[in-house]
Amino acid sequence: MLEVELPTVVVLGQSLLSRLSEVSGFARNVPVELDVFSQLACFLETISIIVIELQKGRESSPLISGILEALSRDVEIASQLVQLAINKSRLQLAIQRSNLVKQLENVVHDLGRSLSLVPLSSVQNDENIKALINSASQQMQKAYFHTTEMQRGSLHSQEGNMLNKWDSGCDHGSQSDDSRHYEQRHIEPLYEAFVCPLTKQIMQDPVTLENGQTYERSSIERWFKECQDNGRKPVCPMTGQELRSTELNPSIALRNTIEEWTGRNEIAQIDLARSSLTLMSSDEDILCALKDIQHLCRKSRTNKYRVRNAGLIPMIVERLKTGVEQVRCRALETLCVLVEDDEDNKEAIAEADYIRTYVKCLSRELSQEREEAVSLLLELSKSQSLSEKIGSANGAILILVGMTSSKSENNVAVKNAEKTLENLEKCDKNVRQMAENGRLQALIKRLVEGSEETQLEMTNYLAEVVLSNDGKALVAEKAAPTLVNILGSGSLPAREACLKALNQISSYDVNGKILIEAGILPPLIKDLFTVGVNHLPIKLKEVLATTLANVVNSGSEFESAPIDADGHTLLSESIIHNLLHLISNTGPAIEAKLLQVLVGLASSSQAVLNVVTAINSAGATVSLLQFIDAPQRDVRIASVKLLQRLCPHMGQELADGLRVSTGQLGTLISIMGANGLTEEHAAAACLVANLPERDAILTRSLLDQGAFPVVVGKIDEVHHGETRGSRFRTPYLEGLVGILARFTFLLDDVAVLALAKQYNLASLFTDLLQTNGFDEVQRLSAVALENLSAYSKTLSRVPEVSKGGICANLFGCLFSPSKPTGLCPVHHGICSSKNTFCLLEAKAVTKLVACLDHENVLVVESSLAAICTLVSDSVDVERGVYILDKADAIQHILDILQENKTEVLRQRAVWIVERILRIDDLARAISADPKTNTALVDAFRHGNYNTRQVAEQALKHLNKIPNFSGVFNKIS
């Protein structure tokens, strides 16, 4: 058993037992509210049993002594309430009945809380007593005393009517229920003289009537007003005595006494709350203590000082580390009350690591806790000295920024987070942090509106912060003119920071138009071409060139934007000459960026011819080709992309340059054949593919450099998905197929023909013809199949027929020569996909026919051209027509003729239809189609010379024109 300090415990216990017995006896004799006071007596008798057991301990225990002292104080308050009930008149009880019972209920609750602190180890061998302590403390803490109604009829009729009138008209809600509850909780006894008989609340401004009765000023003034409004003479509410005067005499002595009494009670309540905030206290006690502190601090600013001075702030903050959400929320709410309009408390609450604790509450899942935490930070942020401290807390600004853009937060939390960030913007360091977390408004405002020093600082921040695309767009929209102005007229440090910021902003293509309209091109060009004293350092020129390249490649219209006072633009020949000169006289880093500028210029349909003209006039073709061999990858990529865009306009010049240069063509092939799939691979393949396809010398050079097997191998990799997922897959495959297709224009070359057979190009291109979604690949494959098929007749051979020997010579009339079998119906020889490139053997006909329905007319034109090789003059036209009929190609061809999408399609369709109409049965069927007849007549009337000539022959087959007609010369 627990050893206690026997003398102290015994003395306290005996005194308490005596008082318990006395008070319980009085309670049973109270004439009113018998049930309430009977319950009180039962509770007091139960406490007596527990106190007797506590006196049996042997260990010294200050805790037991403290509990006994607390019980003694509560019993004294109960005794005063019992005496009050015994001594009051019936009128006074009628007025104060509810208040009296409520105070009694609060005392019982306090007794229960004191019992709950009793350590069960002090009665370790008696389970019954343990159960009694638990049961009694719980029942007393939850006790509820019901108030019975007193009959007003027993009072004097006039007094009763007046009281009823007051009860129905008096605003008891001037204070909240919580406020009235806390007003009724007192450590020292509540004296009757302190309470206004009308409001039943402790008076703050007591005044005395002529008959000596004292009331709260506001309540008695209202009473008199109601008397006047009802035409009744003023009377005293308590006595009903008619008053001659309504003069109110301030009771200064009583008011001072009440204030002193209130102060002592509040100090005692703060001390009691402090004892309830220990780790040993229950969650319910802690919640009550925090609520007490809130009430006291709202009531008086002095109490905020008292709470701080009593050391409660660290204890309240410590409650934020508990696992109970309700306690954390109540603690945050209490801290908010403490810091409201109190700078000293703000400093105290923002000490040490407290801010980090509040920030941690911001990230909790419970929305109420986040709301309370952001409300607290809002109050703290009103102090400029604390703004930097809040911003320095890890994650504070990030979480607040996230809350302002969150759709899941309630409106109050979002608004408070926004206001908090606005307060934190007073500190420049916080502005930088906000920018790093995507909130740029404050930085932009300082940049646009601030002094030169502030602008420099904000520009430096902007140069260092990594912006999202949305952030880049916002800065461009709000601050582009300011930044361009600094770039054109600022100091060197300011221009350096500005260039870095503009470089980042310009990397988002959408901003190109805004920057051009803000006038960014003139200062960029000026600084780029300036040499001498005022020139920028090389590193800054690299940033400048990068920014210019970003702007020019953004897709915005730069062509007409002036870059100087003379009206020059980037398209001016002198400007392009300067760029070419600068490229040849700078280091690799700037070379790459300037080449990218030319890439942007060459990507514009309005500017590319100006670039070509300037390059030719400057004789810079060979110089540009030499960059293909540059060891720096960025330089190589930029040069190859530039040459690729120039190729459609100066392809022959580039082809001539590659033929005479040493190594560039081999470098391009090496780049294409290297492992991986990058922008460099795609650019190299597209450049070579776009060179003049019929340049036989260049094709042989590619063959000599080993391009053929490299290209075939890479096509196989890409086509079968080994490089799937790269964004450069499409241009790379198109370039490779274009390179391979150019070899089919040189089938007369023995080496090319051998490789075409070795790699079975007919089957390869037939397979590529089915690559849906790759229009250019399909078009190039059809072109290659046309070239291969046109060469099939040359490669197809008729086997020699056996002559039959001696018997056949002697008896020739009895022997007939054997006919060869397995011959191609179109080519009349032995055909195969691999060796003769026969479209029939390669099973390409149906795939070409399928392409006649393609949305891309270029694919349709190429596919129709390949089909035409099956009915050319060098093959069996009739058999070719029937093969097309079997493949359902004729109706597709007639549809093409009727649709008349392009002149090329009409010319080819008319040509092949004329071949089809040579077959009588097909001609008869087609002649019944008026749409075809109309299309042929239209071609005869409006086509070019060749189309009209062929259309005339077709109409003759349909008997639309007499056979002897000779409008055009005979078809060659």
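This passage goes through the overall make-up of the chain, two helix pairs, the aromatic pairs and one further long-range approach.

The model is a predicted one. Its protein chain comes out as 50 helices and three strands, so strands hardly get a mention below beyond β1, which turns up as one end of a loop. Of the 972 residues in the chain, 51% count as buried. As for how the chain folds back on itself, take the contacts between residues at least 6 apart in sequence: 69% of them join residues at least 24 apart.

Two helix pairs are worth a walk-through. In one of them, helix α44 (residues 857–868) packs on helix α47 (residues 903–916), with 10 Å between the axes and an angle of about 25 degrees. Angles under 35 degrees count as roughly parallel, and α44 and α47 are therefore roughly parallel to each other. The crossing of α44 past α47 is left-handed. On the α44 side, the contact is built from V857, V860, E861, S862, L864, A865, I867 and C868; α47 answers with V904, L905, R908, A909, W911 and I912. Sorted by class, that makes eleven nonpolar residues, one polar residue and two charged ones.

The other pair brings together helix α26 (residues 521–529) and helix α27 (residues 538–552). Here the axes lie 10 Å apart, and the angle is about 140 degrees. An angle has to be over 145 degrees to count as roughly antiparallel, and α26 and α27 are therefore oblique to each other. Once again the crossing is left-handed, with α26 passing α27. From α26, the residues involved are L521, L524, I525, D527 and L528, and they meet K541, L544, A545, T547, L548 and V551 of α27. The class count for this contact is eight nonpolar, one polar and two charged residues.

Turning to the aromatic side chains, the count comes to three pairs. One of these is F194 with W261: the ring centres sit 5.2 Å apart and the planes meet at 65 degrees, so the pair is edge-to-face. F194 belongs to the loop between α7 (177–183) and β1 (206–208), while W261 is part of helix α9 (residues 252–276), so the pair ties together parts that are 67 residues apart in sequence. F194 and W261 are both buried.

Another pair is F708 with Y759. Their ring centres are 5.5 Å apart and their planes are at 35 degrees, so this pair is tilted. It too links distant parts of the chain, 51 residues apart, with F708 in helix α36 (residues 707–719) and Y759 in the loop between α38 (750–758) and α39 (761–768). What about burial, then? F708 has a relative accessible area of 1% and is therefore buried, whereas Y759, at 28% relative accessibility, counts as partly exposed. The two do not stand alone, as F708, F743 and Y759 form one aromatic cluster.

One last spot involves E776, a residue of helix α40 (residues 775–790). With a relative accessibility of 27%, E776 counts as partly exposed. Its C-alpha atom is 9.2 Å from that of T730, a residue 46 positions away along the chain.

Notes. Residues are numbered from 1 along each chain as its sequence is written. This is a predicted model: local features need pLDDT of at least 70, side-chain atom pairs count only at pLDDT 80 or more; totals for chains, interfaces and linings use all residues. Side-chain values use heavy atoms; hydrogens and water are left out. Axes are lines fitted to C-alpha atoms, for helices over the stretch in contact, and angles run from 0 to 180 degrees between N-to-C directions. Helices (H or I, at least four residues) and strands (E, at least two) are DSSP runs, numbered from the N terminus. Angles under 35 degrees count as roughly parallel, over 145 as roughly antiparallel, 65 to 115 as roughly perpendicular and the rest as oblique. A crossing is left-handed if the near helix is turned anticlockwise from the far one by less than a right angle, and right-handed if clockwise. Contact means heavy atoms within 4.5 Å. Ala, Val, Leu, Ile, Met, Phe, Trp, Tyr, Cys and Pro count as nonpolar, Asp, Glu, Lys and Arg as charged, and the others, Gly among them, as polar. Rings of Phe, Tyr and Trp (its six-membered ring) pair if their centres lie within 6.5 Å; planes under 30 degrees apart count as stacked, over 60 as edge-to-face and the rest as tilted. Buried means under 20% relative accessible area, exposed over 50%, partly exposed in between (1.4 Å probe, protein chains only).
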